[in-house]
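Please open the model in your viewer and keep the sequence panel beside it. This tour goes from one selection to the next and says what is found at each stop.

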Amino acid sequence: METLKRQEAIDKLVDDDLDSFHTGHLDGDNSYAAALLEFGHKGYADYTNEELAAELFERNDINSFKVIDNEQE
């Protein structure tokens, strides 16, 4: 199990989204970006630690994640 601080988890998800936008655009498939713009997206800062961990697991199903508050070690 990988443990990430909250901001690290948010940064990882944002980076993954940006990569998806860029790759999709290069491949001529903007459906991911279009869906976010059309239907919206709850910002990662508004996710609970458990929701962040679940989203990371869904995208990286080879690892499980634990997200802790930034102040925790």
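Is Asp-17 buried or exposed? Select Asp-17 and show the surface: this residue is buried, with a relative accessible area of 7%, where buried means under 20% relative accessible area, exposed means over 50%, and partly exposed lies in between (1.4 Å probe, protein chains only).

Before going further, note that this is a predicted model, in which local features need pLDDT of at least 70 and side-chain atom pairs count only at pLDDT 80 or more, while totals for chains, interfaces and linings use all residues. Residues are numbered from 1 along each chain as its sequence is written, and side-chain values use heavy atoms, with hydrogens and water left out.

**The whole chain**

Now select the whole protein and colour it by secondary structure, which comes to three helices and two strands, arranged along the sequence in the pattern β-α-α-α-β. Helices (H or I, at least four residues) and strands (E, at least two) are DSSP runs, numbered from the N terminus. Along the principal axes, the C-alpha atoms fill a box of roughly 40 × 25 × 15 Å, and of the 73 residues in the protein, 23% are buried. If you list the contacts (heavy atoms within 4.5 Å) between residues at least 6 apart in sequence, 68% of them join residues at least 24 apart.

**Arg-59 and its partners**

Next, select Arg-59, which is partly exposed, with a relative accessible area of 25%, and show its side chain together with that of Asp-16. These two side chains meet in a salt bridge of 2.7 Å, N to O; a salt bridge is a side-chain nitrogen of Lys or Arg within 4 Å of a carboxyl oxygen of Asp or Glu. The pair links distant parts of the chain, since Arg-59 is in helix 3 and Asp-16 is in helix 1, 43 residues apart. Asp-16 is partly exposed, with a relative accessible area of 32%.

Add Asp-17, the residue from the start of the tour, and you will find that Arg-59 forms a salt bridge with Asp-17 as well, the closest N and O atoms being 2.9 Å apart. This pair also joins distant parts of the chain, with Asp-17 in helix 1 and Arg-59 in helix 3, 42 residues apart.

Then add Glu-55, whose side chain meets that of Arg-59 in a salt bridge of 3.0 Å, N to O. Both residues lie in helix 3, four residues apart, about one turn of the helix, and Glu-55 is buried, with a relative accessible area of 17%. With these residues displayed together, you can see that salt bridges that share partners join Asp-16, Asp-17, Glu-55 and Arg-59 into one network. The structure holds four salt bridges.

**A loop residue**

Move on to Asn-63, which lies in the loop between helix 3 (49–59) and strand 2 (65–68) and is partly exposed, with a relative accessible area of 33%. Measure from its C-alpha to that of Met-1: the two residues are 62 apart in sequence, yet 6.3 Å apart in space. Which residues is Asn-63 in contact with, leaving aside its neighbours within four places in sequence? They are Glu-2 and Phe-57.

**Last stop**

Finally, select Asp-11, which is placed in helix 1 (residues 6–26) and, at 38% relative accessibility, counts as partly exposed.
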